[in-house]
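The following paragraphs walk through part of a structure, starting from a single residue and moving outward to its surroundings.

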Amino acid sequence: MSLFEILVIPAVLALEYFFPKRKTVFFRKGFVEDLGYLVLSVYCTPIVTDRLREILVRPHGSGLSLKFSYEGVAVFLAGLVLFDFLLYWMHRFVHSVPLLWRSHQLHHSSQELTALSALRNGFFEDVFILLWVTTPMALLGFDRELLNLLSAILPVHGYLVHSNIRFPKRGAWISRVFCTPCFHYIHHLKYLHHAYGQNFSAIFSFWDRWFQTVTESSGQVELGFQGLESYPRNPLARYIYPARFRRPSA
Ligand SMILES: [Zn+2]
Ligand SMILES: [Zn+2]
């Protein structure tokens, strides 16, 4: 977790407290649980992912690095778009491949969306991001510094799109380009999981429009997924849930 991310969390929580979009109890059920996922993502997941990153991503790529120049800005923007494109497809895979979906269920276990819901990320997904997004970009020549910056932007954006902050209505046009809290809220609606999900975009929302996986609005409000009732309740059990042996049903 980056220092920037550590500073962003209390700022977003303060905005949720003073300018909430939906009426909710701030210290709701699940608040402490979300903080538990914060501890797991800071202390447990990096034991594996940091080592893997060191092995898979070279410090210096083939010149595609951060520089204060027009060329550097172009490389950063190209990297951001490619990074987000790969994330879009990764998100589609985690909804349709059973093992990955078992990991991603943790993210969809929130029954109220707040900034801290972004912390509910399965271990397998963090590894999958490294293999599916970071490593191919490193092979294309993007260096570790740039990839670390893109990896740091993603969770910060995640806190905003999951947040319960009342944004000005005048900014509605932003969702034509960027994924917003309203846009991502639809992704968490329970009934949409019948169709393996909608609104998969992470940073830019246009991927969903181009690949026809967008739902712009919905009268539904219930969050979660089919089968949430039988999903483990203990946070640690949820974290290791995808790795648990399941006896095939007779
Ligand atoms: Zn999802
Ligand atoms: Zn989400």
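V127 is found in helix α6, where a helix is a DSSP run of H or I of at least four residues, numbered from the N terminus. The model is predicted: local features need pLDDT of at least 70, side-chain atom pairs count only at pLDDT 80 or more, and totals for chains, interfaces and linings use all residues. Residues are numbered from 1 along each chain as its sequence is written, and chains are lettered from A and ligands numbered from 1 in the order in which they are written.

V127 has 15 C-beta neighbours inside 10 Å and therefore counts as partly exposed; 20 or more would make a residue buried, 12 or fewer exposed, with C-beta atoms placed from the backbone. Leaving aside residues up to four places away in sequence, V127 touches V48, T49 and L52, contact meaning that C-beta atoms, placed from the backbone, lie within 7 Å.

V48, T49 and L52 belong to the contact that α3 makes with α6. The axes of α3 (residues 45-56) and α6 (residues 123-140) come within 10 Å and cross at roughly 15 degrees, the axes being lines fitted to C-alpha atoms over the stretch in contact, with angles from 0 to 180 degrees between N-to-C directions. α3 is therefore roughly parallel to α6, a term for angles under 35 degrees.

Further along the chain, the C-alpha atom of G158 is separated from that of V127 by 18 Å. In α7, G158 is buried, as are L146, L147, L150, Y159, V161 and H162.

Definitions and conventions. Helices (H or I, at least four residues) and strands (E, at least two) are DSSP runs, numbered from the N terminus. Angles under 35 degrees count as roughly parallel, over 145 as roughly antiparallel, 65 to 115 as roughly perpendicular and the rest as oblique. Two residues are in contact if their C-beta atoms, placed from the backbone, lie within 7 Å.
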